[in-house]
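Student: Could you walk me through this model while I have it open? I'd like to start with whatever term I need before we talk about side chains.

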Amino acid sequence: MTTAGLIDLHAHSTASDGLCSPTEVVHLAAAAGLTVVALTDHDTTSGLAEAACILPTGLTLLPGAEISCGIRVEYGRWVSLHLLAYLFDATEPVFAAVRARLRDDRVTRARRMVEKLAADGHPVRWEQVAAQADGVIGRPHVAEALVNAGLVNSLQAAFTPAWIGAGGRYWVGKDEPDALDAIRLVREAGGVSVLAHPYASTRGPTIGPDVIAAMTRAGLRGLEVDHPDHPPQARARLRRLATDLGLVVTGASDFHGPSKPQLLGSETTSGHAYEVLIAEAHGAQPLTASAPPASAPPASAVARPPAPHSGPVASWSPQTP
C-alpha cells in the first residue's frame, strides 16, 4: 500500500544550521499537513531525540542526516556535494567516527573564518558566533554574525565572494570524505542515500551524469529532483537521468526556517518513492507516535524534554550523534 499525504525528506533544525528547534520543526510539519518529515541536519542526528518525543499522531519522523562529501572530477577539480542519508544505524562506529570528524571540521572552519575577519578589523568574535548555535557550529552562524554586526544586510549577502562565499575573501575550505566512500559508509550502516540538490548550480560547481552514474554503481539510491534551487529544465534532466539509472526521484523543501524562503512541504516526495527507500534500509526505522521502537531509551536519554502534549510518545534510541 502506497503511503498517502505530503512527504518532505529534507529539513534542518538548530542541531545544525536551521533556525527552528527540532520541536518547532515537528510542530511546523504537522501544521503544514505533512504525513512524513525527515530531519536531516548536517553530519549529525542529535536533534532526533527531541523531535521524536514530541511527534503527534499522524506524523512520521524519518531519521536521517545530510552528509558533507565531495568528488574528484575532470582536470583534478574537487566538487563539494551533500548526501542525504536515511535510516542508518547511528551507532555504527565507522560512520559515526566520520560524522564526528566532519562536525569537528565545521567548528575549525568557522573559527578560521572568524579569525580572518577579525584580522581585517571586522567586529566579529568567536564568542558571538558560538552563542548563536544550539548544535553544530558552521558557516551559517558566521553569516548570522556578519548580519548582526551590520557588515551585510542579509544572510544571502554574507555568502558572496566579498565575504564567506565559496572562494571568497574570508572563505575557508573544508575537509570532506569522497562521495563514493560516503555512499559505502551509509550502506554499511544499513541506510540508503540520495544525492541532495545535484543540479543546484547557484550553490557552486555541479557534477555531470557520468559522475552520478559512478555514484549509482557505488550504491546511490536516489536523486533529490524537486528542490527549490532546481529550475524546471534541471528537474526535467534529472528525471530522465533517474529513469536511465534506475534511481528513486525525491522532492523536499530543504527547510531551514526564516533564513530561507521555502516552507516545509513546498516540495514533496511521492509515497511510492518513500516506500522504496524505507524498504531498502535496515539500520533504523521510521518513527511514529503510535508505534515507538522496542528499544526506546529511558527518559534521561532524551536531550531536551518538550512541552507536555496529549498524544503517545515515540523515542529515538541511538546515543551517537
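Tutor: Let us begin with the word buried, which here means under 20% relative accessible area, whereas exposed means over 50%. Please keep in mind throughout that this is a predicted model. By that cut-off, W163 is buried and Y170 is buried as well.

Student: OK, and how many aromatic pairs does a search of the whole structure find?

Tutor: The search finds two aromatic pairs. One of them joins F88 and F95, whose ring centres are 5.0 Å apart with 70° between the planes, an edge-to-face arrangement. The other is formed by W163 and Y170, and it counts as stacked because the planes are at 25°, with the ring centres 5.8 Å apart.

Student: Are F88 and F95 buried or exposed?

Tutor: F88 is buried, with a relative accessible area of 2%, and F95 is buried too, at 1%.

Student: And what sits over the ring of F95?

Tutor: The charged end of R99 does, at 4.7 Å from the centre of the F95 ring.

Student: Switching to open space, how much of it lies in the largest pocket?

Tutor: The largest pocket holds about 1300 Å³ of space. It is lined by 42 residues, of which H82, R139, F159, R203 and K260 are the closest to its centre.

Student: Which helices and strands supply at least two residues each to that lining?

Tutor: Strand β4 does, and so do the helices α3 (93-119), α5 (139-148) and α6 (155-158). Sorted by class, the pocket lining has 15 nonpolar, 15 polar and twelve charged residues.

Student: What about closed cavities, how many of 30 Å³ or more turn up?

Tutor: There are two of them in the whole structure. The largest cavity has a volume of about 50 Å³, and the second largest has about 30 Å³.

Student: Which residues line the largest cavity?

Tutor: The lining is made of D43, S68, L102, D105, R106, R109, K174, D175 and E176. Helix α3 gives the largest share, four residues. By class, seven residues of this lining are charged, while one is nonpolar and one is polar.

Student: D43 is in that list, so where is it found along the chain?

Tutor: D43 belongs to the loop between β2 (34-39) and α2 (48-52). It counts as buried because its relative accessibility is 0%. Its backbone also deserves a look, since D43 has a positive phi, near 60°, in a residue other than glycine.

Student: Which other non-glycine has a positive phi of about 60°?

Tutor: Y75 is one such residue, and it is found in the loop between β3 (60-72) and β4 (78-86). Is Y75 buried or exposed? With 82% relative accessibility, Y75 counts as exposed, whereas D43 is buried at 0%.

Student: Back to the cavities, then: what lines the second largest one?

Tutor: That lining consists of S16, D17, H42, R106, V136, I137, G138 and H141. It divides into two nonpolar, four polar and two charged residues. R106 also appears in the lining of the largest cavity.

Student: Tell me about I137, for instance which residues it touches beyond its sequence neighbours.

Tutor: Leaving out residues up to four places away in sequence, I137 touches R106, V107, A110, W126, V129 and A130. I137 lies in the loop between α4 (126-131) and α5, and it counts as buried because its relative accessibility is 11%. Its C-alpha is 9.3 Å from that of R109, although the two residues are 28 places apart in sequence.

Student: Last topic, helix α8: which of its residues are buried?

Tutor: Helix α8 covers residues 209-217, and its buried residues are V211, I212, A213, M215 and T216. As background, residues three or four places apart in an α-helix point the same way, because there are 3.6 residues a turn.

Student: What covers those buried residues, and what follows the helix?

Tutor: The cover over the buried residues of α8 includes β3, β4, α7 (179-188), β5 (192-195), β6 (222-226) and α9 (232-245). After α8 comes G219, which has a positive phi near 125°.

How values were computed. Residues numbered from 1 in each chain as written. Predicted model: local features only at pLDDT ≥ 70, side-chain atom pairs only at ≥ 80, totals over all residues. Heavy atoms only, no water. Buried < 20%, exposed > 50% of the residue type's maximum accessible area, 1.4 Å probe, protein only. Contact = heavy atoms within 4.5 Å. Phe/Tyr/Trp six-rings, centres within 6.5 Å; stacked < 30°, edge-to-face > 60°. Lys NZ or Arg CZ within 6 Å of the ring centre and 35° of its normal. 1 Å grid on protein atoms, 1.4 Å probe; cavity = no way out; pocket = protein on both sides within 12 Å on 5 of 7 lines; lining within 4 Å. Points joined across faces, edges and corners; volume = space filled by probe spheres on them. Nonpolar A, V, L, I, M, F, W, Y, C, P; charged D, E, K, R; others polar.
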